[in-house]
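Colleague: I am new to this structure and would like to learn how to read it feature by feature. Could we go through it together?

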Amino acid sequence: MTVLEDQLQNLKKSNKKIMEFSKEISKEISSHMKIDWAPVHVPPRRRIQTFAAGCYVYIFMFLPFISLFLTVFFLIYLDYIGRALLLVYLAYIYFDHKKHASAVKSNGWMFLRNNFITSHLRDYFPVELIKTAELTPDRNYLVASFPHGIIGTGVTINMGKNIKKWLELYPGIRPKIATLDMHFYIPFMREVLRRWGLVSCSKQSLLHYLNVSNDPKHRDNKDGFTANAVALLVGGAEESLDSHPGRYILTLKNRKGFVKIAIRSGTPIVPSFSFGEVDIFDQVANPPDSMLRKFQSFVKHLTGVSPLIVLGRGFFQYTFGFIPQRRHIVQVMGAPIEVQQMDEPDTKYVNEIHQKVIDSLNEMFEKYKHKYIQNADKTKLVIH
């Protein structure tokens, strides 16, 4: 018994030393990280807003993986009839997207786009929408949205998640956001995106939505709307690599495909700029010549998605995590740039319209930056 008692005593001493060492390590880590904890007594409204912001980000991050997991799970565990139905669904997705670009005629499911959670998501930042020119519902529009930021939150909320404000400012015009084409080949996820009003950014899809009829009596306009406004984050994944707080760096100089789409459909281009978009997330430093940036560019080239190391906040602290910081986002909608319809756009004319978009963005930035940006005098718009 003496030997056993000695072993127990030694074990207790060891555990005590481990606990003390763990506390010292925890204190050391905390001192370096300087965790900024959220106050204990926070109004319930703000807690709900944080929850809504967390749902927004985690759905964005994990929906593709959940959808693919469910597909594989059902293929393995369903009976023969279930597997057959799932295979029919997969075949339908493929052929429907090839032929119709997974098109949705209406605004999707309005209860998904305007509800308690999406309203609190808007109020979390908060996100505003500023109208500077009239958009009439007798024609379609291509909204060239900048900057992309990490996940294009401003335009996503205004024209996707919570469209109540949009419908007040632009009645009769359906807001739609173009996202990666490959998302519409993923089972289940495809249906969620379509109900949220998202569309594919492929040439076929954009031309489809920009060429729809504006006749109120047309069968595609039975929902009471007569026009589409399709938002395209032109800078894409490449621009997201340059997203850091206080820096407005746009990837635009060599992006002319959207101008050609607008000319082919005869659709006006509406420049849009979201002030504060780059401030809600930071990311690990990735200068253009760094190994990290080279790796990110390589993955983006292969997959179309940039693997960003995001620095946000958590549910109960403000130091790290994937939830965006509370920063005011203001999306300013510019005046439409008219284009002449051409089946085969002339290069000189494409360059002319492209330059008008650049000039409009520069003008908007200089006009509104003192109102919506801190340290505006030191902040410049860089267009690559």
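**Reading the features**

Modeller: We can begin with a space at the surface: the second largest pocket holds about 260 Å³. Keep in mind that this is a predicted model.

Colleague: Which residues line the second largest pocket?

Modeller: The lining is made by G246, Y248, G276, D279, R327, H328, V330, Y372, I373, Q374, N375 and T379. Sorted by class, that lining has four nonpolar, six polar and two charged residues.

Colleague: How does a cavity differ from a pocket, and how many cavities of 30 Å³ or more are counted here?

Modeller: A pocket is open, whereas a probe that fits in a cavity cannot get out. In this model the count is one cavity of 30 Å³ or more. The largest cavity has a volume of about 30 Å³. Around the largest cavity are P147, H148, G149, E239, D242, S243, R247, I249 and V278. Its lining divides into three nonpolar, three polar and three charged residues.

Colleague: What is special about the peptide bond before P147?

Modeller: As a general idea, most peptide bonds are trans. The bond that joins F146 and P147 is cis, with omega about -20°. P147 sits in the loop between β2 (141-146) and α6 (153-161), and P147 is also one of the residues lining the largest cavity. Another cis peptide bond joins F125 and P126, where omega is about -10°. The loop between α5 (116-124) and β1 (127-131) holds P126.

Colleague: What should I look for in the phi angles?

Modeller: Most residues other than glycine have a negative phi. A101 has a positive value, near 55°, and phi of S102 is also near 55°. A101 belongs to the loop between α3 (80-100) and α4 (110-113), and S102 is found in the loop between α3 and α4 as well.

Colleague: Is A101 buried or exposed, and is S102 buried or exposed?

Modeller: A101 counts as buried because its relative accessibility is 3%, below the 20% cut-off. S102 is buried too, since its relative accessible area is 1%. Over the whole protein chain, 48% of the 384 residues count as buried.

Colleague: What does the overall layout look like?

Modeller: The protein chain has 13 helices and eleven strands. Taken along the principal axes, its C-alpha atoms fill a box of roughly 95 × 65 × 45 Å.

Colleague: Which residues make the nonpolar surface patch?

Modeller: F69, V72, F73, L75, I76, Y77 and L87 make a nonpolar patch of about 710 Å². Helix α2 (residues 44-77) gives the most to the patch, with six residues. F69 is in helix α2, and F69 counts as exposed because its relative accessibility is 54%.

Colleague: How does I383 compare, and how far apart are I383 and F69?

Modeller: I383 is in strand β11 (residues 381-383). With a relative accessible area of 12%, I383 is buried. The two residues are 314 apart in sequence, and their C-alpha atoms are 40 Å apart in space.

Colleague: What is the idea behind a salt bridge, and how many are there?

Modeller: Side chains of opposite charge can pair when their charged atoms come close. The count here is twelve salt bridges. One of them joins R139 and E338, with the closest N and O atoms 3.0 Å apart. This pair links distant parts of the chain, 199 residues apart: R139 is in the loop between β1 and β2, and E338 is in the loop between β10 (329-333) and α13 (347-372). R139 is partly exposed at 28% relative accessible area, and E338 is partly exposed at 43%.

Colleague: Why are R195 and E191 separated by about one helical turn?

Modeller: They are separated by about one helical turn because they are four residues apart in helix α8 (residues 189-195). Their side chains meet in a salt bridge at 3.5 Å, N to O. Both also belong to a network of salt bridges that links D96, R190, E191, R194 and R195.

Colleague: Where do E352 and K356 sit?

Modeller: E352 and K356 are in helix α13, four residues apart, so about one helical turn separates them. They form a salt bridge whose closest N and O atoms are 4.0 Å apart. E352 is partly exposed, with a relative accessible area of 40%, and K356 is partly exposed, also with 40%.

Key. Residues numbered from 1 in each chain as written. Predicted model: local features only at pLDDT ≥ 70, side-chain atom pairs only at ≥ 80, totals over all residues. Heavy atoms only, no water. 1 Å grid on protein atoms, 1.4 Å probe; cavity = no way out; pocket = protein on both sides within 12 Å on 5 of 7 lines; lining within 4 Å. Points joined across faces, edges and corners; volume = space filled by probe spheres on them. Nonpolar A, V, L, I, M, F, W, Y, C, P; charged D, E, K, R; others polar. Patch = residues over 30% accessible without salt bridge, like charges linked within 9 Å, V, L, I, M, F, W, Y side chains within 5 Å. Areas by Shrake-Rupley, 256 points an atom, 1.4 Å probe, with all protein chains shown as cover. Helix = DSSP H or I, 4+ residues; strand = E, 2+ residues; numbered from the N terminus. Buried < 20%, exposed > 50% of the residue type's maximum accessible area, 1.4 Å probe, protein only.
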